[in-house]
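Subject: The structure we talked about

Hi there,

Here is the structure I promised to pass on to you. Please open it beside this email and follow along as you read.

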Amino acid sequence: MDVTEVLLPGVGVRYELTTAEGNRIGIIVSRRGDVELVSYAADPDVGRPLFRLTTEEADTVAEILGAPRITERFADLSKEIPGLKAEDLPVAVGSPFVGRRLGDTRARTRTGASIVAIVRGDDVIASPGPDEVLQSGDNLVVIGTQEGIAGVNAILRG
């Protein structure tokens with residue numbers, strides 16, 4: 001899909017795309033982080049506002065839209081690179097890492113596998129930092145070799 005990026009001096013950036021049904025949509029991201037969705041008839045300078053989102057609302061919508069697809073995308077990537085796998089690993093109630101920082105697992109150092117996202121309910125924490133506190137019920141999206149992923153699973157189980 002082609003997305004056109006247009007700098008709006010003093011305002012922010014407008015992203016434009018045309019859907020498969022032929023609808024032209026604009027997403028205007030202000031310098032403050034607010035987002036406005038607009039639709040266009042013919043002239044891209046004359047948009048019909050659909051709705052406006054605060055930064056927090058835009059982040060939530062992005063997480064909701066991305067949550068079901070993040071594992072799919074990593075699974076597709078693992079098909080393209082031999083030996084690379086992607087799996088969801090649960091943080092179970094009895095895990096010694098519930099309530100502890102992700103960095104405390106030392107998963108990448110110990111296994112070579114990377115935790116690229118945490119799926120927490122409907123939220124996705126992409127590229128979580130080492131200070132992210134793990135919760136029971138989290139699903140960790142892990143990429144690595146089969147052995148590395150098995151190692152992360154063993155770490156989580158204690």
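Which side chain meets that of Glu 16 in a salt bridge? The partner is Arg 14, with N and O 2.5 Å apart. Before you zoom in on that pair, please keep in mind that this is a predicted model.

Are these two residues buried or exposed? Glu 16 has a relative accessibility of 13%, and because anything under 20% is called buried, Glu 16 counts as buried. Arg 14 is buried as well, with a relative accessible area of 10%.

**The sheet**

Now step back and look at the strands. Five of them make an open sheet: the order is 1-2-3-4-5, and the pairing is antiparallel. Strand 1 (4-8) and strand 5 (47-53) stand at the edges. Each has a single partner strand, so one side of each has no neighbour in the sheet. From one strand to the next, the twist averages 20°.

You can follow one pairing by eye. Strand 1 and strand 2 run antiparallel and are joined by 5 bridges. Try finding Glu 5, whose bridge partner in strand 2 is Tyr 15.

Where does the chain go after strand 2? The loop between strand 2 (12-18) and strand 3 (24-30) holds Thr 19. Thr 19 is partly exposed, because its relative accessibility is 23% and the partly exposed class lies between 20% and 50%. Thr 19 is also a good residue for comparing sequence with space: Asp 2 is 17 residues away along the chain, and the two C-alpha atoms are 9.6 Å apart.

**The nonpolar cores**

Next, colour the nonpolar residues. The largest nonpolar core has 15 residues, and those with the most contacts inside it include Leu 89, Ile 115, Leu 140 and Leu 156. Strand 7 (114-120), strand 9 (139-144) and helix 3 (146-157) each supply at least two residues of this core. Helix 3 gives the most, with 4 residues.

Leu 140 is a nice place to look around. Setting aside neighbours within four places in sequence, Leu 140 is in contact with residues including Glu 87, Asp 88, Leu 89, Ile 115, Leu 134 and Leu 156. Apart from the largest core lies another one, of 8 residues, among them Leu 84, Ala 86, Val 116 and Ala 117.

**Back to the salt bridges**

How many salt bridges does a search of the whole structure find? The search finds 7.

Arg 101 is worth a visit here. One salt bridge joins the side chains of Arg 101 and Asp 104, at 3.3 Å from N to O. Arg 101 also forms a salt bridge with Asp 131, where the closest N and O atoms are 2.4 Å apart. This second pair links distant parts of the chain, 30 residues apart. Arg 101 lies in the loop between strand 6 (85-90) and helix 2 (107-111), while Asp 131 lies in the loop between strand 8 (123-126) and strand 9.

How open are these three to the outside? Arg 101 is partly exposed, with a relative accessible area of 35%, and Asp 104 is partly exposed at 27%. Asp 131 has a relative accessibility of 54%, and because exposed means over 50%, Asp 131 counts as exposed. Together with Arg 100, these residues are linked in a network of salt bridges: Arg 100, Arg 101, Asp 104 and Asp 131.

Enjoy exploring, and write back with any questions!

Best wishes

Notes
Residues numbered from 1 in each chain as written. Predicted model: local features only at pLDDT ≥ 70, side-chain atom pairs only at ≥ 80, totals over all residues. Heavy atoms only, no water. Buried < 20%, exposed > 50% of the residue type's maximum accessible area, 1.4 Å probe, protein only. Pairing = 2+ DSSP bridges. Axes fitted to C-alpha atoms, helices over the stretch in contact; angles between N-to-C directions. Core = buried A, V, L, I, M, F, W, Y, C linked by side-chain atoms within 4.5 Å. Contact = heavy atoms within 4.5 Å. Salt bridge = Lys/Arg side-chain N within 4 Å of Asp/Glu carboxyl O.
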